[in-house]
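Trainee: I am new to this structure and should like to study one part of it with care. Please give me a close look at its enclosed interior spaces, in one connected account.

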Amino acid sequence: MPRSSSPRAWWAQRPPAAGAAVLATGILSVGLQLSGYEALSWIALVLACAAWLALAADFVLQLLWEREEWVRRAGTPAALTSVAATTVLGTRFSALGRHTLAEALLALSAVLWPVLLVDVVRHWRRRMPGTVFLGCVATQGLAVLGATLAAALSTAWLARAAMVLFWLGIVLYCFALAYFDLRQTVEGAGDQWVAGGALAISALAGAKLISADSASLYLWNDDNLGVLRTVTGALLVLALCWYAVLLVAELLRPRLRYDVRRWSTAFPTGVTAAATLSVASAVGVPWLKGLGEVLLWIAVVVWLAVAAAAVRAASVAVRADVTSTAPR
């Protein structure tokens with residue numbers, strides 16, 4: 001394909017993994033809001049919304065005029081970032097009291113989720129990168145948003161639907177683990193972190209389900225609540241273990257060259273922080289809040305580093321396009 005300096009041509013070359021940038025920015029906004037940094041959370045939310053609108057426009061344009069390319073991308077695990085990112089934005093809007101908008105985003109996600117998930121799972125194969133866990137991430141994103149809205153609107157059926165999605169997400173994680181290439185922990189370009197991020201968003205979903213219960217709804221009996229608390233705690237512990245393993249692997253074998261899949265590193269760091277803060281509140285473990293704060297600022301640093309590298313890579317690509325098309 002010939003090079004062009006036009007923004008549309010440059011954007012067309014971005015892989016669907018760029019949706020992870022929206023996901024990473026949205027979850028950072030959620031984490032900052034949980035810690036009370038409202039101004040920073042708003043900045044992240046505005047950036048996430050702008051990127052989401054751009055990706056949504058690209059999604060629609062491809063569906064209408066580049067159907068073959070749309071179908072090809074829809075079969076890749078990275079396509080599920082569109083569902084996960086939409087649910088994360090819905091969760092943040094629900095926290096702002098914009099429940100109607102959050103419901104609309106939930107409905108949109110619920111329509112896209114089965115279509116993309118079935119196509120993606122059909123293309124699973126052995127020794128896949130970390131994107132194989134995005135089926136779990138998208139499913140748990142729906143559970144998080146569903147449980148958040150159920151608590152805000154006192155809607156029992158929505159909480160129970162979110163509970164079904166929560167368990168389905170765990171099942172999808174187990175299947176994805178069988179297809180994951182463990183060598184990616186030391187060889188991956190960034191998306192290997194989703195192996196831990198999927199567990200973290202599962203823990204976040206569990207925390208939201210616990211918090212959704214109330215005297216008026218009475219969603220879960222003592223036995224069910226006990227199991228949910230135990231599983232949520234275990235998911236968070238496993239997510240933190242993955243975090244430690246992947247961090248050590250990065251230190252032992254640094255991979256400093258920018259890759260768009262590095263946004264799939266920024267998301268797990270952010271969602272692990274958000275999950276830790278939410279679990280601390282849901283299960284009443286105050287010391288986890290301090291850990292969540294530390295993880296949150298690590299996530300901010302990672303996001304800034306990836307964003308700076310992305311801007312630098314984009315400027316280099318645009319300059320190269322301008323140079324190659326300039327008259328000689």
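**The second largest cavity and its surroundings**

Mentor: Three helices, H10, H11 (222-252) and H12 (263-283), each contribute at least two residues to the lining of the second largest cavity. Please keep in mind throughout that the model is a predicted one. Of the contributors to this lining, H11 gives the most, namely four residues. The full set of lining residues consists of Trp193, Gly196, Gly197, Ala239, Trp242, Tyr243, Leu246, Pro268, Thr269 and Thr272. Sorted by class, this lining comprises six nonpolar and four polar residues, with no charged residue. The volume that these residues surround is about 40 Å³.

Let us stay for a moment with H12, one of the helices that supply this lining. Most of H12 is covered, since 19 of its 21 residues are buried. Its length can also be checked by a simple calculation. At 1.5 Å a residue, the expected span for the 21 residues of H12 is 30 Å, and the C-alpha atoms at its two ends lie 30 Å apart, so the two values agree. The expected span is obtained by multiplying 1.5 Å by one less than the number of residues. After H12 comes Gly284, which has a positive phi, near 70°.

The second largest cavity should be set beside its companion. The count of cavities of 30 Å³ or more is two. The largest has a volume of about 50 Å³. Its lining is made up of Ile27, Val30, Thr87, Val88, Thr91, Gly141, Val144, Ile201 and Leu204. Four helices, H2 (19-34), H5 (81-95), H7 (134-153) and H10 (194-212), each provide at least two of these residues. The largest share belongs to H5, which provides three. In terms of class, the lining of the largest cavity holds six nonpolar residues, three polar residues and no charged ones.

One helix therefore deserves particular attention when you compare the two linings: H10 supplies at least two residues to the lining of the largest cavity, and H10 likewise supplies at least two to that of the second largest cavity. Among the residues involved, Ile201 and Leu204 line the largest cavity, whereas Gly196 and Gly197 line the second largest. The absence of charged residues is noted for the lining of the largest cavity, and also for the lining of the second largest.

How values were computed. Residues numbered from 1 in each chain as written. Predicted model: local features only at pLDDT ≥ 70, side-chain atom pairs only at ≥ 80, totals over all residues. Heavy atoms only, no water. 1 Å grid on protein atoms, 1.4 Å probe; cavity = no way out; pocket = protein on both sides within 12 Å on 5 of 7 lines; lining within 4 Å. Points joined across faces, edges and corners; volume = space filled by probe spheres on them. Nonpolar A, V, L, I, M, F, W, Y, C, P; charged D, E, K, R; others polar. Buried < 20%, exposed > 50% of the residue type's maximum accessible area, 1.4 Å probe, protein only.
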